Amino acid sequence: MSRTALRICPLCEATCGLTLTIEGTRVTSARGDRDDVFSNGFICPKGASFGAVDGDPDRLRTPLVRRDGELREATWTEAFDAVAAGLRPVVERHGPHAVGMVLGNPNVHTMAGALYPTVLLAALGTRSLFTASTVDQMPKHVSSGLLFGDANAIPVPDLDHTDHLLLIGANPLESNGSLCTAPDFPGKLKALKARGGTLTVIDPRRTRTAKLADRHLAIRPGTDALLLAAMAQVLFEEGLVDLGGLSPHVQGIDELRDAVGDFTPESVEAACDVDAALVRTLARELAAAPTAAVYARIGSCTVPHGTLASWLVDVLNILTGNLDRPGGALFPQAATDRTPRPAGPGRGFALGRWHSRVSRHPEAKGELPLSALAEEIDTATDEGTPVRALITVAANPVLSAPDGDRLDKALDSLDFMVSVDPYLNETSRNADVVLPPPPPSQSPHHDFAFNTLAVRNQVRYSRPAVPLEPGRMAETEILARLTLAVTGMHGADPSAVDDLVIGQTLGKAVQEPHSPVHGRDPEELAAQLAGESGPERRLDLMLRLGPYGDGFGAHPEGLGLERLLAHPHGIDLGPLRPRLPQPLKTRSGKIELLPQPIADDLPRLRRAAAERPTGLVLVGRRHLRSNNSWMHNIPALTGGTNRCTVQVHPEDAERLGLRDGEPVRVKGAGGEVTAPAEVTDGVRRGVVSIPHGWGHDRPGTRLSHASTDPGVNVNQLLDGSLLDPLSGNAVLNGVPVELSPLG
C-alpha cells in the first residue's frame with residue numbers, strides 16, 4: 001500500500017518542495033508540492049527523478065575498508081577503527097596541517113554537511129582545507145567580504161519585483177539558479193517580461209536563458225570585468241550615479257570614480273568584442289530603470305578577473321541605488337542566521353592570513369585553492385609537511401579540479417585517505433575507508449546555506465520520509481563519529497559532539513548583551529530544546545536564537561522546531577526587505593567601495609584591455625538534468641541533450657575540418673581529450689564549449705550506468721596554474737585550447 005510524504009529536494013539550489021509517493025520503503029514517484037510556501041508546486045526533471053536518484057543500485061550500502069590493496073565491505077565498527085588507526089598517527093607524527101580536508105558541492109545540500117564539517121575542521125585544527133568553492137564561487141565571497149565585511153553577505157536579485165535584470169555568465173533556465181535560491185527561476189524571468197520588464201543576458205553562448213532575453217550580448221569569454229568597469233565609468237562620466245538611500249552607508253565614491261576613469265567603453269571595446277555604443281546603452285538603461293538588478297554567476301567567477309567582476313556587479317547595483325531596495329538586490333535573512341547584532345563597525349574581512357605551502361597561494365575565507373591540492377600532496381619543500389592524509393566529504397576533485405590525472409596519482413601516494421560518499425567514484429576509489437551516507441529519503445533536510453540566498457524569506461524542514469534502513473548510519477552520526485575518531489575520542493558517544501556545540505553556542509549567547517537569552521542559565525536553556533536527535537536540537541537552537549525566533553520565551557510568537565513541524569509545507573516569512581546597515585561588518589561600518597586588495601588588482605585588469613586572443617578559448621556549460629559529476633549514473637537523467645560534446649561554431653569547424661558528430665581532439669595546457677564535435681551557432685566564433693563533471697572511465701569505480709557513456713573530463717585540459725589571484729578560484733573559462741580532427 002502506497003503513502004505520500006513531503007520532502008525538500010536536495011538535488012540543486014532551487015530547494016523545491018516535493019510530494020513523494022512511497023511503497024514500502026521505496027520512493028516510486030515525486031511531484032511538486034503545490035502547497036509548499038516557496039516553490040508552489042514547481043518541479044524540474046531532477047526533482048521528478050528523486051526516486052531514481054534515491055534508489056540507485058550503485059549506492060554503497062555498507063562501509064568499505066582497504067585490505068590487501070582492495071576495498072572490501074566492513075562493519076561500521078571496523079571502518080571507524082580503521083579511521084582512528086589511520087588518521088591519528090599522521091596528526092601525532094606530522095601535526096594537524098598534514099591532514100587535508102576536501103568538501104564537495106553536495107555538502108551544502110544536506111543537514112549533515114552544514115552542521116558537522118566546521119566542527120570536524122575545528123577539532124582537527126588543520127589549515128589544509130579545500131572545497132568546491134574555489135572552482136565555483138569564491139570570487140563572490142571575497143568581493144562580498146571586502147565590500148561588506150562578511151564573505152557570506154551576498155545580495156540576491158529581487159526577481160519577483162525588479163523592472164530590469166542584467167544576467168552575466170548565468171544560465172538559470174538550465175542551472176535553476178546559483179547563489180540565488182529561486183524555485184521556478186524560468187517562470188520568474190518570464191513573469192518579469194510579462195509585466196513589461198527587461199532581461200539582458202551577457203554570455204558567449206546562446207543559452208536557453210539567452211534565447212529568452214530581450215538582448216543577448218555574446219561577449220568574449222573572460223572579459224566580463226572589463227565590460228562592467230566600462231559601465232561604471234559611463235555612470236560617472238554621464239552623471240548617472242544616484243546612490244539614493246545608500247548615501248549614508250557608502251564610503252569611497254570619489255576614489256572609485258578615479259579608479260574606473262580610464263575604463264572607457266572605447267578602451268574595452270576590442271577586448272570584449274562589444275561595441276562601445278552598446279556598452280553606454282547598457283549603463284544608461286540600468287540607470288534609467290525604475291528598479292534594476294545585476295546578477296552574475298559561474299561564467300563570471302571562473303575567469304582570470306573573477307573577484308573584480310563579482311565586485312563590479314555590486315558596484316553597479318550600488319551606483320544606481322539598487323542595492324538594498326525592493327526590485328534591486330537585497331540581503332536575505334534566513335531563519336537560522338545568528339541573532340542580529342546592532343549595526344556598527346565589525347572586524348572586517350582579511351585575505352591571506354596564511355598561505356599554501358608550495359605556491360604560496362593566500363587563503364580566502366579559510367580555504368586554499370582546490371587547484372593546489374595535488375602539489376600540496378606530491379611536492380616537497382623546505383617549509384612545512386606535505387598533506388599526508390586526506391578526508392573527503394561528498395567530493396570528487398579528480399573530476400572537478402584541474403589536472404585530475406596528477407591529483408589521482410597524488411591521492412594514491414597518501415598515507416591514509418577516508419571518503420564520506422555514497423558512491424565509489426573517481427576520487428573515493430583511492431580511499432582506505434569509504435563511509436557511505438544513506439539515500440536522501442532516509443535523511444532529514446533543512447537548507448541552512450541556501451536560505452541565506454533565497455529570493456523570499458521562508459523556513460522549511462523535512463523529517464526523513466523513510467525510516468533509516470537497518471545496517472545504515474545517518475550521515476550526521478557518520479560525521480560526528482569521524483570527528484571523534486580524528487581527535488583521539490574514538491568510541492565516545494556521537495551525541496557528545498552535538499552536546500558540545502549546543503553548550504558552546506548557549507555559553508556565548510548568554511554573554512552577548514543583544515541576545516534574547518542574555519544573562520540566563522545555559523543548562524536550563526539546553527534542557528528546553530526540542531527534537532528527536534542531536535541535529536534536530538541544534539536546528540531548534542538556531543531557530544530560537546535566530547532573527548525570527550522565540551528567544552526561549554522572549555518572543556512567544558517566534559520560531560522554534562515545534563512550530564516549524566506544525567507547518568509541513570513551510571512558513572512564509574515575507575519578501576526580502578532593506579536591511580542596511582545591519583549586515584555590514586566592515587571596520588568602518590560602511591560599504592567600502594574600493595577596498596585596497598581590489599585597488600591593487602585593477603592594474604592587471606587594465607593590462608587585459610590590451611590583450612587580443614587569436615585562438616580558440618574554452619567555456620563550460622550546464623545541463624538541466626545534471627549537477628556537476630554526481631548525477632550521471634541515473635539513466636533517467638542522461639541522454640538526449642545531456643551529452644558530453646565539443647560545441648564549436650560552424651565557421652571554426654569548417655576552418656579546422658571538423659564534422660558534426662565526429663571525434664575531435666582538444667588540447668590544453670594540462671593535457672588533451674577526445675569527444676564528438678557538435679557544430680552549432682549557439683556558441684560565438686572562437687569559443688569551444690565542453691560540459692563539466694564527465695570523465696567516468698577510470699577503473700575501480702562502481703558507476704555502472706555512467707561508465708557506459710563516460711564522456712571526458714574537461715578539467716584535464718587545465719594544468720591548475722591559472723587562478724584568480726584574489727580568491728584562488730580556478731580559471732576554467734576563457735582558457736586557450738587547440739582543436740583538430742581525430743583522423
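The following exchange takes up labels applied to this predicted model and the values behind them.

Reader: What makes the contact between D136 and R297 a salt bridge?

Author: The cut-off is a Lys or Arg side-chain nitrogen within 4 Å of a carboxyl oxygen of Asp or Glu. For D136 and R297 the N to O distance is 2.2 Å, so the pair meets the rule.

Reader: What does the D136 and R297 pair tie together?

Author: D136 is in the loop between β7 (129–131) and α6 (138–148), and R297 is in the loop between β13 (293–296) and α14 (298–301), so the salt bridge links parts that are 161 residues apart in sequence.

Reader: Why are D136 and R297 called buried?

Author: Buried means under 20% relative accessible area. D136 has 14% and R297 has 3%, so both count as buried.

Reader: How do you know whether E70 and R72 form a salt bridge?

Author: Their closest N and O atoms are 3.9 Å apart. The limit is 4 Å, so the contact counts.

Reader: Why is E70, like R72, given the label partly exposed?

Author: That label covers values between the 20% limit for buried and the 50% limit for exposed. E70 has a relative accessible area of 47% and R72 has 36%, so each is partly exposed.

Reader: What makes D550 and R544 a salt bridge, and are these residues buried or exposed?

Author: The N to O distance between the two side chains is 3.0 Å, and the limit is 4 Å, so the pair qualifies. D550 has 12% relative accessibility and counts as buried. R544 has 10% and also counts as buried.

Reader: Which residues are joined into one network by salt bridges that share partners?

Author: The network holds E237, E238, E266, R280 and R284. Across the structure, the count comes to 45 salt bridges.

Reader: What makes the charged end of R544 one that sits over the ring of F552?

Author: The rule asks that CZ of Arg be within 6 Å of the ring centre and within 35 degrees of the ring normal. The charged end of R544 is 4.2 Å from the centre of the F552 ring and sits over that ring. R538 is placed likewise over the ring of Y116, at 4.8 Å from the centre.

Reader: Why is the pair of W76 and F80 called stacked?

Author: Ring centres must lie within 6.5 Å, and planes under 30 degrees apart count as stacked. W76 and F80 are 6.2 Å centre to centre with 25° between the planes, so the label stacked follows. Both residues lie in helix α3 (residues 76–94), 4 residues apart, about one turn of the helix. W76 is buried at 13% relative accessible area, and F80 is buried at 4%.

Reader: What makes F148 and F331 an edge-to-face pair?

Author: Their planes are at 85°, with 5.2 Å centre to centre. An angle over 60 counts as edge-to-face, so this pair takes that name. F148 lies in helix α6 and F331 in the loop between β14 (329–330) and α16 (373–378), so the pair ties together parts 183 residues apart in sequence. Both phenylalanines are buried. The whole structure has 3 aromatic pairs.

Reader: How do you know whether C180 is in a disulfide?

Author: Cysteine sulfur atoms must be within 2.5 Å. The nearest cysteine sulfur to that of C180 belongs to C12 and is 12 Å away, and C180 is in no disulfide. C180 is buried, at 0% relative accessibility. For C301 the nearest cysteine sulfur is that of C180, 13 Å away, and C301 is in no disulfide either. C301 is buried at 2%. The structure holds 0 disulfides.

Reader: What makes the phi of L179 worth a remark?

Author: Most residues other than glycine have a negative phi. L179 is not a glycine, and its phi is near 50°, a positive value. L179 is in the loop between α7 (172–175) and α8 (185–194), and is buried at 7%. D403 also has a positive phi, about 50°, without being a glycine. D403 is in the loop between α17 (397–400) and α18 (404–412), and counts as buried at 15%.

Reader: Which peptide bond is cis, with omega near 10°?

Author: The bond from L580 to P581 is cis. Most peptide bonds are trans. P581 is found in the loop between β19 (571–575) and β20 (591–592).

Technical notes:
Residues are numbered from 1 along each chain as its sequence is written. This is a predicted model: local features need pLDDT of at least 70, side-chain atom pairs count only at pLDDT 80 or more; totals for chains, interfaces and linings use all residues. Side-chain values use heavy atoms; hydrogens and water are left out. Helices (H or I, at least four residues) and strands (E, at least two) are DSSP runs, numbered from the N terminus. Buried means under 20% relative accessible area, exposed over 50%, partly exposed in between (1.4 Å probe, protein chains only). Rings of Phe, Tyr and Trp (its six-membered ring) pair if their centres lie within 6.5 Å; planes under 30 degrees apart count as stacked, over 60 as edge-to-face and the rest as tilted.
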